Amino acid sequence: MTKLDGLIDRARLAGRQTAESWLGTPVPDGPGMDGHEACIRAMTACLGSAILTPVIAVPALLTAFSWPQAIAGALSAAALPIAIAGVLASTGSPGIAGRLAVFASAIALGALAVLSGGLASPFLPLLALIPLEAAIQSRRLSGLGIGVLDAVTALLGVAAFATILPADPAPEGGALATGLCFALYALVRGLVLSLDTAPAAQPQAAPQMEPQTAGHMDLLDGLPGLITRHDCRGDVTAIAGADRSDFIRRVGDCSGKGFVSRIHVADRIAFLDAFDRLRRGETRQQVEIRFESLGPSAQFVHAAIALTAEQGPDGSFAGVLAQTRDISAEVEGRLRAHSATEDAETANAAKTRFLAAVSHELRTPLNAIIGFSDILAHEYFGAFENDRQREYVGLIHQSGEHLLSLVNTMLDMSKIESGRYEVFVEPFAVGEVIDSCDAMLRLQATTRGVTLTRRLARGLGEITADRRAMHQILINLVGNAIKFTEPGGVINVDASIEDGRFRLVVSDTGIGIPAEKLARIGEPFLQAQNGLARHYEGTGLGLSLVRGLVDLHGGAFRIASAEGEGTVVTIELPADGSGANRQDCAMDQDAALVFPPVLPRPARKELNNRNEDHVETARSA
């Protein structure tokens, strides 16, 4: 098939789609099915004429009239078939519309003759085309009679006007214009006739294949779905498949051009594109489309079509074998899954906002509890009468500080999860941070009977990072190790800088983590001992917060553990702070990272620029 044939097919399909949108789609096998198809063909012809008529009229009119008159005549010629299409849509009768079209054409040619010389007009012979076109379109003797009657009526009208009013002079190029009109009409009519007769001659090329094709289609009746064989123009020549009756009941007749016309308008381009790829040499195509549903239950029938190209004896493209499967249930399942995902994301965002709001609201009364209990503990307003009062005030202060630390942890987690947590890097001596954490936690380790040691590499100097975040990372890692290490155990902190990356290792000889739970360690609110009767306090946010802070520095987090043998947590991050606030850094693919979620791109760019300013300022200082 040539590119011109493909262009003509697409133009016909566009005209048919427009006609169907005007006329609607009737119930298949109904009493008005044949008449509806005739209306569609007639309206498609009208819409096609609205394009062809100006093409013929403009060159002819330009040889005899000026530009404004030629353009006005061409617009009038284009408006005539569109008006006939409107009449056809309102009446639903191709016969009435056809007779009206012949009469209107005769009146238009008569008016042209009156304006260009009356009975001496060179355009008057064009009236002979009226009965000829009427006979071709109707293919009946009555059509020829109606055309002759309309042409004679127009001729008599021109004669009547010539006797009443003085006739305008005939244009100089009128004869040339008339000859050009006859030539263009013959060219267009010959092209239309050749296109109408070409498909009819195609089946004669291989008459011996008909019995074989029918036998193959009988064999395909056992396959699921609707099996259709299309010729090289896309028309359906045979139908099979186990579900063909169900498809026809829900979609309508799919034979001939009905298959493409039943496809939803928005999906026809995808189907035609897949068909065209097969025509250009590909062997298989897969496309998902929607059919217009005839039943009241659903508007569309979702279908997946597998297309396979067929070749003729000479290896040329001969057509397509298509298997159409109903995937409405699958599409509905996808929509439900998408809706469930959106609901889960919405619920997660609501949880994050809830934690942030609750954390903010709890910090104010907790600060008051901690402050007033500290004043009472120092006996600024009088001494306690007994030691039990002093003990209770100390417990209030201790519990308030513990609750405030949990609230701060949840607030930090909500900031990381929402992408609003920002790290500010500066150069600092990492040994000082390790010493500070050691001083804070050594009493707790001693109370539990755990030995706390640290080993700093020789020459360990400064790193560029967020000092507060590094302090929080160490507090959480060492605090977790103390909590899950039995009395007599050992906790060790190792720090070094290798190849420009800061490496921190916190190891313990505690209870360890079972292998089946190791992959989930670091998820929010999860502990290795996560049952209702667990023996260790905490919310399970410590390692989640550590992972989020390490990732905001562009670092990597790894954990190795064995039940009853202890745990080793390793952290690596750029020592120069180059990875801070970056979400596109290389991550450890083996670890099931949960936090932090990806920051929005505008916010990420702003944070990167701000972070580079901090690094540059720190280096210059």
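This section describes the nonpolar cores, one helix and the internal cavities of a predicted model.

The largest nonpolar core comprises 44 residues, of which Ile 473, Leu 477, Phe 502 and Ile 571 touch the most other members. At least two residues of this core are supplied by each of H14, strand S8 (462-465), H15, strand S9 (490-498), strand S10 (501-508), helix H17 (542-552), strand S11 (556-562) and strand S12 (566-574). H15 contributes the largest share, eight residues. The contacts of Ile 571, leaving aside residues up to four places away in sequence, are with Ile 473, Leu 477, Phe 502, Arg 503, Leu 504, Val 546, Val 550, Ala 556 and Phe 557. A second core, separate from this one, contains 24 residues, among them Ile 263, Phe 271, Ala 274 and Phe 275.

Helix H6 spans residues 141-164, and its 24 residues reach 35 Å from the first C-alpha to the last, close to the expected 34 Å. Buried positions in H6 are Gly 143, Gly 147, Asp 150, Ala 151, Ala 154 and Val 158. These buried residues pack against helix H4 (94-115) and helix H5 (129-138).

Four cavities of 30 Å³ or more were identified, and the largest has a volume of about 70 Å³. Its lining consists of Ile 434, Cys 437, Asp 438, Leu 452, Thr 453, Arg 454, Leu 474, Val 478 and Val 493. By class, six of the lining residues are nonpolar, one is polar and two are charged. Helix H14 (430-448), strand S7 (451-456) and helix H15 (467-483) each provide at least two residues of the lining of the largest cavity. H14 and H15 are also among the elements that each supply at least two residues of the largest nonpolar core.

Terms used
Residues are numbered from 1 along each chain as its sequence is written. This is a predicted model: local features need pLDDT of at least 70, side-chain atom pairs count only at pLDDT 80 or more; totals for chains, interfaces and linings use all residues. Side-chain values use heavy atoms; hydrogens and water are left out. On a 1 Å grid over the protein atoms alone, a cavity is a set of points where a 1.4 Å probe fits but cannot get out, and a pocket is an open set with protein on both sides within 12 Å along at least five of seven lines; lining residues have an atom within 4 Å of a point. Grid points are joined across faces, edges and corners, and a volume is the space filled by probe spheres set on the points. Helices (H or I, at least four residues) and strands (E, at least two) are DSSP runs, numbered from the N terminus. Ala, Val, Leu, Ile, Met, Phe, Trp, Tyr, Cys and Pro count as nonpolar, Asp, Glu, Lys and Arg as charged, and the others, Gly among them, as polar. The expected span of a helix is 1.5 Å times one less than its number of residues. Buried means under 20% relative accessible area, exposed over 50%, partly exposed in between (1.4 Å probe, protein chains only). Contact means heavy atoms within 4.5 Å. A nonpolar core is a set of buried Ala, Val, Leu, Ile, Met, Phe, Trp, Tyr and Cys residues joined through side-chain atoms within 4.5 Å.
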